[in-house]
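Welcome to a short set of exercises, each with a worked solution. Keep the viewer open and try each task before reading on.

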Amino acid sequence: MASLNVGNLGEYLREQRRAAQLSLRQLADATGVSNPYLSQIERGLRKPSADVLQQVAKALRISAETLYVRAGILDEREREELETRAVILADPSINERQKSVLLQIYDSFRRENGFVPGPDADADADGDAGLRKDAGPDKDAEPGKGAGPREGDDAGADATEDHDPHS
């Protein structure tokens with residue numbers, strides 16, 4: 001059987017498995033994927049599905065997105081965008097509204113720089129990702145003192161009144 005061009009996925013998986021001090025049989029047990037199939041993946045004879053890669057990544061405690069890139073399923077820039085989004089969403093120090101606003105700002109900047117937001121982005125048709133003048137952080141607020149004015153709160157309203165978010 002000829003080796004498939006799946007980047008260096010097989011070698012990378014073997015290195016990660018050995019670093020985790022797992023035998024091929026132990027990895028098979030942890031993932032629910034057969035031992036012979038995992039062996040073929042490591043030798044570059046099989047190209048695994050995204051589901052199999054996700055199971056392997058979980059068992060090895062590594063990024064599934066990294067495996068997707070190495071397997072040619074995901075573009076490197078898409079992986080970086082997904083990882084950025086995951087870090088924002090996982091941050092326990094900011095609330096859900098703040099996470100949403102931060103992701104909208106991130107998408108706005110990406111669009112401004114010529115990148116199309118990923119499939120999970122909630123972009124509006126008008127291209128501003130739903131940003132409102134009062135949705136962003138209060139530029140006069142001290143770091144760590146909140147995300148700016150809340151609905152119905154006039155504090156800081158004049159600080160954002162003349163600010164154009166697209167300039």
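**Exercise 1. A charge over a ring**

Task: Find which residue lies over the face of Y12, and at what distance from the ring centre.

Solution. The model you are looking at is predicted. Start at the ring of Y12 and look along its normal: R70 lies over the face, 3.8 Å from the ring centre. To count as sitting over a ring, the CZ atom of Arg has to be within 6 Å of the ring centre and within 35 degrees of the ring normal. Next, turn to ring–ring pairs: a search of the whole structure finds zero aromatic pairs.

**Exercise 2. The overall build**

Task: Work out how many helices and strands the chain has, and what share of its residues is buried.

Solution. Step one is to walk along the chain from the N terminus, where the elements run α-α-α-α-α-α-α-α. That gives eight helices and zero strands. Step two is burial: of the 167 residues in the chain, 35% are buried. Step three looks at contacts with a separation of 6 or more; residues 24 or more positions apart account for 48% of these in the chain.

**Exercise 3. The two sides of helix 4**

Task: Determine which residues of helix 4 are buried, and which exposed residues its opposite face carries.

Solution. Begin with residues 50–60, the span of helix 4, and pick out the buried positions: V52, L53, V56, A57 and L60. Now look down the helix axis. The buried residues of helix 4 fall within an arc of 135°, so they line one face of the helix. Turn to the face pointing away from that buried side, and you meet the exposed residues D51 and K58.

What do the buried residues of helix 4 pack against? Their partners are helix 1 (9–19), helix 2 (24–31), helix 3 (35–42) and helix 5 (64–70).

**Exercise 4. Positive phi outside glycine**

Task: Compare Q21 and R61, giving for each the phi value, the place in the chain and the exposure.

Solution. Take Q21 to begin with. Its phi is near 55°, a positive value in a residue other than glycine. Q21 belongs to the loop between helix 1 and helix 2, and its relative accessibility of 70% makes it exposed, because exposed means over 50%.

Then take R61. Here phi is also positive, near 55°, and again the residue is not glycine. R61 comes just after helix 4, in the loop that leads from helix 4 to helix 5. With a relative accessible area of 78%, R61 is exposed.

**Exercise 5. Salt bridges around E81**

Task: Trace the salt bridges that E81 makes with R85 and R110, and decide whether E81 itself is buried or exposed.

Solution. Side chains of opposite charge can pair when their charged atoms come close. The cut-off needed here is a Lys or Arg side-chain nitrogen within 4 Å of a carboxyl oxygen of Asp or Glu. By that rule there are six salt bridges.

First partner: R85 meets E81 at 3.1 Å, N to O. Both residues lie in helix 6 (residues 76–90), four residues apart, which is about one turn of the helix.

Second partner: R110, found in helix 7 (residues 96–112), forms a salt bridge with E81 in which the closest N and O atoms are 3.3 Å apart. Since R110 lies in helix 7 and E81 in helix 6, the pair ties together parts that are 29 residues apart in sequence. The R110 and E81 side chains are also joined by a polar contact of 3.3 Å.

Now check burial, for which the cut-off is under 20% relative accessible area. E81 is buried at 6% relative accessibility, R85 is buried at 7%, and R110 is buried at 14%.

**Exercise 6. A pair within helix 7**

Task: Describe the salt bridge between E96 and K99, and say which network other salt bridges form by sharing partners.

Solution. The closest N and O atoms of E96 and K99 are 3.4 Å apart. Both residues sit in helix 7, three residues apart, about one turn of the helix. Their surroundings contrast: E96 is exposed, with a relative accessible area of 57%, whereas K99 is buried at 6%. As for the network, salt bridges with shared partners join E81, R85, D107 and R110 into one.

Technical notes. Residues numbered from 1 in each chain as written. Predicted model: local features only at pLDDT ≥ 70, side-chain atom pairs only at ≥ 80, totals over all residues. Heavy atoms only, no water. Polar contact = N/O pair within 3.5 Å; in protein donor to acceptor, adjacent residues only side chain to side chain. Buried < 20%, exposed > 50% of the residue type's maximum accessible area, 1.4 Å probe, protein only. Arc of directions from axis to C-beta. Contact = heavy atoms within 4.5 Å. Phe/Tyr/Trp six-rings, centres within 6.5 Å; stacked < 30°, edge-to-face > 60°.
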